Amino acid sequence: MPSADDIDALLPQTQCTRCGYPGCRPYAEAMLRGEAGINQCPPGGTATIGALARLLHREPLPLNPVHGVEGPPLVALIDEDACIGCAKCLPPCPVDAILGSRKHLHTVLMALCTGCELCIAPCPVDCIVMAPRPPTPETPPAPEPGANRRRFAAHNARIARRAEERAGLLASRKRQAPTHP
Ligand code: SF4
Ligand code: SF4
Ligand code: SF4
C-alpha cells in the first residue's frame, strides 16, 4: 500500500495550489484517502497523472480542466521600473525565489522560480507577469521537485522561526511593561 510520502514524491512540489489543496502534500494525502482524483495537477500534467495511475493502480485520466491546463514552464518577471519595493511578494513565494528588501526593487531568481504564480496576486502595482521560460542555452534549467521540496521546507522553517521570535519579543515586552495599581 503506497504512503502519502510515495504519492508526494511524484508531485512537482511547486505548492501552486491549483489542485484545489493548499500544497502538494495535502493533495497527496487527499489522494491517499481516496478523496481527490489523480488528474488535478496542471504543472505535473500527463506525466504525473501516468505516474500516479501506476502507483495507485488507477486508470490514467485526462487532466481535469477545472484545475487548469498543461503548458510550457513559466517564470515570473518583475518590471523593475514599476516595482515599489513593498516586499509583499516575498512571503508567498514557497521557494524564496524573489530577492529584495523593503523599499528596494525586487527581482526573481530564474533558476529557483517554479512558475507557481503565487506572487502575482499580492503585488499591489501588478508589476509581476508570467512568461515562458526562455529556451536558450543560457537559461538556467527549471528547478527539480527535490530542490523545490527542500527550498519549501527551508521557507517554512524560516517563517516558523520568525513567528517564534516575534512571540518571544511580545512576551518579553509584556513582562517589562509597567503595571498600574
Ligand atoms: S504542483 Fe500540483 S500537486 Fe503541487 S500544489 Fe500545484 S497542483 Fe497541487
Ligand atoms: S517567484 Fe513567483 S512564480 Fe516564481 S516561485 Fe516564487 S511565487 Fe512562484
Ligand atoms: S509585490 Fe510588486 S511592488 Fe511589491 S516588491 Fe514585489 S514586485 Fe515590487
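Domain bounds here come from an automatic or database domain assignment. This is a predicted model, in which local features need pLDDT of at least 70, side-chain atom pairs count only at pLDDT 80 or more, and totals for chains, interfaces and linings use all residues. Residues are numbered from 1 along each chain as its sequence is written, while chains are lettered from A and ligands numbered from 1 in the order in which they are written.

Q: What are the domains of the chain, and how far apart are their C-alpha centres?
A: The assignment gives domain 1 (4-67) and domain 2 (72-176). Their C-alpha centres are 24 Å apart.

Q: How many residues of domain 1 are in contact with domain 2?
A: Two residues are in contact if their C-beta atoms, placed from the backbone, lie within 7 Å. Six residues of domain 1 meet this criterion with 10 residues of domain 2. That side of domain 1 holds three nonpolar residues, three polar and no charged. Nonpolar covers Ala, Val, Leu, Ile, Met, Phe, Trp, Tyr, Cys and Pro; charged covers Asp, Glu, Lys and Arg; the others, Gly among them, count as polar.

Q: Why is Gln15 called buried or exposed?
A: A residue is buried if 20 or more other C-beta atoms, placed from the backbone, lie within 10 Å of its own, exposed if 12 or fewer, and partly exposed in between. Gln15 has 28 within 10 Å, so Gln15 is buried. Gln15 sits in the loop between α1 (4-8) and α2 (24-32), and its phi is near 65°, a positive value in a residue other than glycine.

Q: What makes Asp126 buried or exposed?
A: Asp126 has 10 other C-beta atoms within 10 Å and is therefore exposed. Asp126 lies in the loop between β3 (107-108) and β4 (128-132). Its phi is about 50°, positive although Asp126 is not a glycine.

Q: How do you know that the span of helix α4 agrees with its number of residues?
A: Helices are DSSP runs of H or I with at least four residues, strands are E runs of at least two, and both are numbered from the N terminus. The expected span is 1.5 Å times one less than the number of residues. For the 32 residues of α4 (residues 145-176) this gives 46 Å, and the end C-alpha atoms are 47 Å apart, so the two agree. In α4, Asn148, Arg149, Arg151 and Phe152 are buried.

Q: Which residues come nearest to ligand 2?
A: A residue counts as near if its C-beta atom, placed from the backbone, lies within 6 Å of the molecule or strand. Of the 14 residues around ligand 2, the nearest are Ala76, Cys93, Cys113, Cys116 and Cys119.
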